[in-house]
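Dear colleague,

Please find below the structure I promised to pass on to you. My notes on what was found in it follow.

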Amino acid sequence: MTQPVVVYGVSGYTGRLVCEYLRELHVPFVAAGRDGKKVQAVVEKIPGIDTVEHEIVEVNHDVESLTELFRGAKVVCNTVGPFIKYGPEVVEAALAAGCHYTDTTGEQDWLIEAQTRWGTGFADAGLLLSPCIAQMYTTSEIAANNALETPGLDTLDILVLWKGLPTFASTQTIFTILKADWFHLVNNEYVAWDHQSSRECVVPGQHATALTVPWGGMAHPVWFKNDPRVATVTATGGVLDRAVMDGVVATTGMFEEQIRPLEPAAQEAALSEIAAGLQSDMPPRENPRVNTSIDSVYASGPLGRAHVAIHGNSNYKQTGLLQAYAAYSLLQQQPRRTGFASACQAFGHRELLGVLRQFGLVLKPVVTVHD
């Protein structure tokens with residue numbers, strides 16, 4: 001391997017954005033995927049791609065092939081989901097090759113599995129294992145850490161909202177997590193969600209409300225379970241299109257009634273078919289005037305309260321930038337924490353906020369404190 005970063009899954013929407021921001025950060029990379037022609041077609045469309053060293057590689061999805069690809073690199077950015085299905089081979093190969101690992105997962109069950117199976121191995125090797133570096137989780141994690149700068153707050157109520165359509169891979173993930181258990185955190189213990197739970201939430205800065213769902217449990221209960229500042233975490237999210245969210249709730253109900261009783265293979269086939277029917281193509285490139293995002297966190301304690309809202313745009317671009325910056329940072333210094341760690345734990349929430357603001361993707365947080 002002659003380049004320090006491997007982006008795996010570049011034939012997809014998010015993988016392309018990671019490569020775009022690596023170019024802007026002047027980081028050489030390998031764009032890899034299971035279909036070399038698709039990867040080539042995507043990379044050729046990246047503006048200014050000739051200004052950064054890069055390679056295009058087709059690779060089989062197995063531990064041996066991926067280990068050979070990763071050997072000599074320092075960081076692997078994985079965008080191939082659903083991760084509970086395709087992630088293990090990539091993580092094992094990254095560890096075998098001595099690489100830091102990041103991914104864009106939205107699957108809480110994958111986070112817990114990654115932590116349990118490989119967290120110690122990565123820590124012993126001095127490497128970072130950081131699934132779920134993505135707008136839907138990291139930007140709100142930044143807001144949560146901002147709120148926790150006020151001492152004495154131990155409860156987080158997290159809301160993630162955005163405008164737009166999920167990508168093909170995200171849609172596959174949304175339906176894959178229907179099969180898993182979902183958890184929120186209560187007094188530092190995982191408590192299962194009812195899969196048909198939903199919340200009507202007030203949207204910061206608007207008169208309207210929004211329908212949100214646990215979205216597979218979200219990453220935050222996992223990140224904060226071993227944080228001594230935090231005991232309880234509730235997180236929900238969704239898109240700001242009410243019709244889309246009504247459909248999500250209806251589909252979840254249909255799954256519980258009609259699909260969950262099926263055998264696992266039949267479940268997966270039915271869910272894949274539904275997901276492909278909803279989103280089978282790559283969505284249009286984000287428009288910052290249309291694709292806005294809101295990350296809101298209420299933090300509370302017995303004698304204090306804080307609210308932090310981060311307004312932004314282009315949630316997939318935020319994800320691409322966060323992934324690229326993580327790689328950029330890891331090439332220059334060790335993370336703040338090795339082994340299993342979130343983006344904020346590994347790189348610092350103020351640093352990540354600064355990067356998002358530097359590239360014009362979020363506003364300065366709106367902070368209100370009562371103590």
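**Strand β2 and its surroundings**

In this predicted model, the residues of β2 point in two directions: Phe29, Ala31 and Gly33 face one way, Val30 and Ala32 face the other, and all are buried. The chain reaches β2 from β1 by way of α1, and this β-α-β crossover is right-handed. Five of the five residues of β2 are buried, and the strand is thus described as mostly covered.

On one side, β2 pairs with β1 in the parallel sense over four bridges. Tyr8 has Ala32 as its bridge partner in β2. β2 also runs parallel to β3, to which five bridges join it; there, Gly33 has Glu58 as its bridge partner in β3. A right-handed β-α-β unit is made by β2, helix α2 (residues 36-44) and β3.

**The sheet as a whole**

These strands belong to an open sheet of seven, with parallel pairing, in the order β3-β2-β1-β4-β5-β6-β15. Because β3 (54-58) and β15 (339-340) stand at the edges with a single partner strand each, one side of each is left without a neighbour in the sheet. As general background, the strands of a sheet pair through backbone hydrogen bonds, either parallel or antiparallel.

Strand β1 (residues 5-8) also pairs with strand β4 (residues 75-78), again in the parallel sense and over four bridges. Tyr8 has Asn78 as its bridge partner in β4. Helix α1 (residues 13-24) lies across β1, β2 (29-33) and β4, and runs at about 155 degrees to β1.

**Nonpolar cores**

In soluble globular proteins, nonpolar side chains tend to be buried together. The largest nonpolar core of this model comprises 99 residues, and those with the most contacts inside it are Val5, Leu22, Phe70, Tyr101, Leu156 and Phe347. Helix α11 (residues 315-330) contributes the largest share of this core, namely seven residues. Another core, of eight residues, lies apart from it and includes Leu178, Ala180, Trp193 and Phe255.

Which residues does Tyr101 contact, leaving aside its neighbours within four places in sequence? The contacts of Tyr101 are Val76, Asn78, Phe83, Val90, Val91, Ala94, Trp110, Phe122, Leu128, Leu129 and Ser130. Asn78 thus appears both in this list and as the bridge partner of Tyr8 in β4.

With kind regards

Terms used
Residues numbered from 1 in each chain as written. Predicted model: local features only at pLDDT ≥ 70, side-chain atom pairs only at ≥ 80, totals over all residues. Heavy atoms only, no water. Pairing = 2+ DSSP bridges. Contact = heavy atoms within 4.5 Å. Axes fitted to C-alpha atoms, helices over the stretch in contact; angles between N-to-C directions. Core = buried A, V, L, I, M, F, W, Y, C linked by side-chain atoms within 4.5 Å. Buried < 20%, exposed > 50% of the residue type's maximum accessible area, 1.4 Å probe, protein only. Right-handed = clockwise from strand over helix to strand, strands pointing away.
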